[in-house]
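Please explain how this structure is organised, beginning with its domains and ending with the contact between its chains.

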Amino acid sequence: MCGIAGIIHKGHRANVGAEMTSMLQALKHRGPDSTGYAVYGDPVEGAYVMRLKIAEAEDMELGRSIHDRLEERIEAVDAILASHGAEVNVKERVRPYALRYVLNHDGDTGDMAEHIEETEGVEILSLGNGLELIKDLGDAGSVAEAYGLGDFEGTHGIGHTRMATESDVDIKSAHPYWAFPYNDVSVVHNGQITNYWIMRREMERKGHRFMSDCDSELLAVYTAHHLANGVPLEESLRRSIDEIDGVFTYLVCTRDQLGMAKDTMAAKPLVLYESDDLIAMASEEVAIRTIFPEEIDTHDPYDEEVRVWQA
Amino acid sequence: MPGMSDAELREMTQEERVNALGMTTEQLTGKSLYIEFDPDAQERFAYPWAPDVDFNKRTEVDASDLTNTEVNSRVRDLMAEGYGTIVLQNPRGKHSLAVGILSRLNLIIEGSTGYFGVGLIDGPNVRINGRVGWSCAENMMSGTVVVEKNAGSTFGAAIRGGDLVCKGSVGSRTGIDMKGGTIIVGGDTGALSGFMMQRGRMVVCGNAGKNLGDSMYDGTIYVGGEIRSLGVDAVTADLTKLDREWLTRKLTQYGLMPGNGVDHFTKIVAGKQLWNYDNLEPNEKKLIL
């Protein structure tokens with residue numbers, strides 16, 4: 001089933017970490033396997049935040065040897081960063097298998113990202129000027145606590161609670177997906193894509209990489225492909241309704257935008273609340289109500305509806 | 001069949017056979033529809049275990065800190081105590097609120113409900129001063145439900161009777177598989193509304209999405225605005241004097257009568273080219289075929 005949620009504040013910052021946590025926790029019943037966040041702080045030109053995982057959570061049960069391998073992987077990442085001229089300002093090992101870097105870099109970040117992912121077991125979860133992408137097994141409360149998301153200040157964010165149906169229960173199959181290698185773009189999805197393998201092969205022929213067998217990753221790659229070719233986000237969302245088969249509702253964030261698209265059957269839910277200050281959305285209204293206990297006006301977007309909001 | 005030979009039946013068209021056998025193509029069922037045409041019959045449809053409630057006995061339930069199960073249990077307990085008017089405060093989008101109420105009750109919900117709100121009901125009058133999520137009043141048998149704001153998808157799925165009203169707009173697949181009763185939408189409705197509708201009436205004062213009435217068996221849909229597209233086997237029909245009178249009465253009753261009247265409404269019915277409309281038991285079919 002899966003649950004998705006998003007929020008965007010217009011022209012001001014707020015405690016997006018706490019807001020997303022409260023909405024996603026209310027959607028736990030739609031997907032208890034994993035929870036993910038893509039939250040956006042103040043973008044800083046030239047300074048990048050990189051989130052990566054160096055193993056799956058379950059790998060930590062493999063014994064002492066995995067710890068040695070993890071150290072080797074971190075050393076390899078550091079060496080690659082140095083070889084690309086990246087200056088590391090902050091390096092945090094948030095979880096034994098998850099790291100956060102803040103670095104300065106003025107070269108080709110896509111090339112650097114590809115180089116880093118050549119390291120065995122390493123996957124970049126996100127790279128961008130404002131994006132912080134966190135995903136792990138468990139519910140929203142436990143993930144937020146483990147990654148210190150409770151006081152994250154930002155302008156917008158999206159999140160996902162996953163019920164694994166098409167692929168494994170692991171971090172690489174959890175949402176959101178970063179639109180590799182496009183900075184600051186993330187995607188969450190609720191639904192099933194039925195022409196996944198056809199579209200995946202098409203994207204792979206165009207040179208895009210996939211890190212999982214989760215159909216939702218296709219939407220991130222598809223979005224990245226269009227944005228990299230100068231297609232505006234709204235147009236990319238519209239094209240997806242014609243080109244991607246299945247039942248889906250998905251959300252996309254860029255550095256300063258949040259967009260949504262709903263398939264032709266409108267088979268997957270989304271409830272919208274729009275005010276002058278912010279827009280909030282979730283698979284179920286009960287999630288939005290956790291941050292707006294007072295009475296508010298909400299509505300369901302229709303089939304083939306595409307919307308994009310500016311922060 | 002009495003007074004009619006097999007040979008005579010064979011000579012008839014399918015529609016004539018059905019009418020001769022007393023099987024109209026729009027068999028109105030559901031308690032409230034009986035009540036509409038025969039007010040005296042109302043008493044016959046009370047469940048024997050239904051609590052004897054007094055509409056003048058009023059109380060409130062604050063749902064803020066209750067689970068949906070606790071709210072529903074509280075409502076049942078209050079009905080058993082004879083409360084006939086219950087106000088539910090702070091529902092905050094909780095799912096499955098006020099489901100399975102099978103007797104008379106005035107229920108006022110001050111706020112929005114989540115999925116499957118007031119589903120499986122047979123008799124209560126419900127006013128929701130908020131929005132409702134997906135599948136509101138699913139399988140409703142009788143009573144009235146009036147939603148003051150918007151509604152999600154599958155509004156009134158498979159209802160068999162009663163009046164289900166949304167004063168705002170609703171999502172997709174409104175009245176899917178409805179088998180009776182009346183659905184009234186003050187605003188717009190989404191795609192595939194009236195999908196596989198079998199009986200009853202649906203009124204949409206605004207616009208309707210694509211594939212309206214797709215694969216409908218029977219029943220009637222009225223649309224005041226634009227129709228993006230009709231579904232398979234859904235066709236337009238002439239708006240009769242009876243239709244206008246019925247629309248005027250129903251829309252006035254719920255304060256949704258358009259300023260420009262109802263003459264502009266489009267009437268949609270089943271083309272009846274898709275399905276076998278014999279509607280007969282096997283032994284009856286033997287007599288005819």
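The paragraphs below treat the domains, then a pair of helices, and finally the contact between the chains.

The model is a predicted one. In chain A, the domain assignment distinguishes domain 1, made up of residues 3–43 + 141–310, from domain 2, which covers residues 44–129. Taken over C-alpha atoms, the centres of domain 1 and domain 2 of chain A are separated by 24 Å. To the contact between these domains, domain 1 of chain A contributes 16 residues and domain 2 of chain A contributes 17. On the side of domain 1 of chain A that touches domain 2 of chain A, nine residues are nonpolar, two are polar and five are charged.

A helix pair in chain A can be considered next. Two packed helices are described by the angle between their axes and the distance between the axes. Helix H1 of chain A (residues 16–26) packs with helix H4 of chain A (residues 140–147) at an angle of about 155°, and their axes lie 8 Å apart. Angles over 145 degrees count as roughly antiparallel, and H1(A) and H4(A) are therefore roughly antiparallel to each other. From H1(A), the residues A:Gly17, A:Thr21, A:Leu24 and A:Gln25 take part, meeting A:Ala140, A:Gly141 and A:Ala144 of H4(A). By class, this contact of H1(A) with H4(A) comprises three nonpolar and four polar residues, with no charged residues.

The contact between the chains remains. Chain A supplies 14 residues to this contact, and chain B supplies 22 residues. The side of chain A that touches chain B holds five nonpolar, two polar and seven charged residues.

Notes. Residues are numbered from 1 along each chain as its sequence is written. Chains are lettered from A and ligands numbered from 1 in the order in which they are written. This is a predicted model: local features need pLDDT of at least 70, side-chain atom pairs count only at pLDDT 80 or more; totals for chains, interfaces and linings use all residues. Axes are lines fitted to C-alpha atoms, for helices over the stretch in contact, and angles run from 0 to 180 degrees between N-to-C directions. Helices (H or I, at least four residues) and strands (E, at least two) are DSSP runs, numbered from the N terminus. Angles under 35 degrees count as roughly parallel, over 145 as roughly antiparallel, 65 to 115 as roughly perpendicular and the rest as oblique. Two residues are in contact if their C-beta atoms, placed from the backbone, lie within 7 Å. Ala, Val, Leu, Ile, Met, Phe, Trp, Tyr, Cys and Pro count as nonpolar, Asp, Glu, Lys and Arg as charged, and the others, Gly among them, as polar. Domain bounds come from an automatic or database domain assignment.
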